[in-house]
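Visitor: Please teach me to read this structure, one feature after another. I work with computed values and like to know their cut-offs.

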Amino acid sequence: MAETTTQQRALTGWDKPELDLTNAQWQSSSRGRGDVQIAFVEGFIAMRNSGRPESPSLIFTPAEWGAFVSGAREGEFDLT
């Protein structure tokens, strides 16, 4: 059996701060029917699972958010 080794690489270009999401005002992504919530914090967009709000949130820059939403609209992402 062959052994494999994985190495973690540092994230290049990761210029996002550690955001304090404690007092973020979370909004449902689909008028209250969805499992995803978003919040706008310090110029960034945070996204979390509304069923597990204690889980880590994804943080997007405005450009990343635009690309994500555009891709989702074109069917690139399965949001179900």
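**Strands, a helix and a loop**

Visitor: Which residue in strand 2 is the bridge partner of Ser28?

Guide: In strand 2, Gln37 is the bridge partner of Ser28. Helices (H or I, at least four residues) and strands (E, at least two) are DSSP runs, numbered from the N terminus. Two strands pair if DSSP finds at least two bridges between them. This is a predicted model, where local features need pLDDT of at least 70 and side-chain atom pairs count only at pLDDT 80 or more, while totals for chains, interfaces and linings use all residues. Residues are numbered from 1 along each chain as its sequence is written, and side-chain values use heavy atoms, with hydrogens and water left out.

Visitor: How many bridges pair strand 1 with strand 2?

Guide: Strand 2 covers residues 36-41, and two bridges pair strand 1 with strand 2 in the antiparallel sense. Another facing pair here is Gln27 and Ile38, the latter in strand 2.

Visitor: Let us step back to the chain. In what order do its elements run from the N terminus?

Guide: The order is β-β-β-β-α. That is one helix and four strands in the protein chain.

Visitor: What is the strand order of the sheet?

Guide: The sheet is open, has four strands in the order 1-2-3-4, and its pairing is antiparallel. Strand 1 (27-28) and strand 4 (58-60) are at the edges with a single partner strand each, so each has one side without a neighbour in the sheet.

Visitor: Where does helix 1 pack, and which strands does it touch?

Guide: Helix 1 (residues 62-73) packs on the sheet and touches strand 2, strand 3 (44-49) and strand 4. The directions of helix 1 and strand 4 make about 105 degrees. Axes are lines fitted to C-alpha atoms, for helices over the stretch in contact (heavy atoms within 4.5 Å). The angles run from 0 to 180 degrees between N-to-C directions.

Visitor: How many bridges join strand 2 to strand 3?

Guide: Strand 2 and strand 3 run antiparallel and are joined by six bridges. Among the facing residues, Ile38 stands opposite Met47 in strand 3, and Phe40 stands opposite Ile45 in strand 3. On the next step across the sheet, strand 3 and strand 4 pair in the antiparallel sense over three bridges. There Met47 faces Leu58 of strand 4. Met47 is thus a handy residue to follow: Ile38 stands opposite it, and so does Leu58.

Visitor: Is strand 3 buried or exposed?

Guide: Buried means under 20% relative accessible area, exposed over 50%, and partly exposed in between (1.4 Å probe, protein chains only). In strand 3, five of the six residues are buried, so strand 3 is largely enclosed by the rest of the structure. For the protein chain, 24% of the 80 residues count as buried.

Visitor: What is special about the phi of Glu42?

Guide: Glu42 is not a glycine, yet its phi is positive, about 50 degrees. Glu42 is placed in the loop between strand 2 and strand 3, and that hairpin has two residues between the strands. Glu42 is exposed, at 60% relative accessible area.

Visitor: Now the segment before strand 1. Is Ala24 buried or exposed?

Guide: Ala24, which is in the segment before strand 1, counts as buried at 17% relative accessibility. Apart from neighbours within four places in sequence, Ala24 is in contact with Ala39 and Val41. Ala24 and Ile38 lie 14 residues apart in sequence, with 9.2 Å from C-alpha to C-alpha.

Visitor: Which residues is Leu21 in contact with, leaving aside its neighbours within four places in sequence?

Guide: They are Trp26, Val41, Ala46, Ser57 and Ile59. Leu21 is also in the segment before strand 1, and at 22% relative accessibility Leu21 counts as partly exposed. Leu21 and Ala39 are 18 residues apart along the chain, and their C-alpha atoms are 8.5 Å apart. Val41 appears in both contact lists, that of Ala24 and that of Leu21.

Visitor: What share of the contacts with a separation of 6 or more is between residues 24 or more positions apart?

Guide: In the protein chain, that share is 17%.
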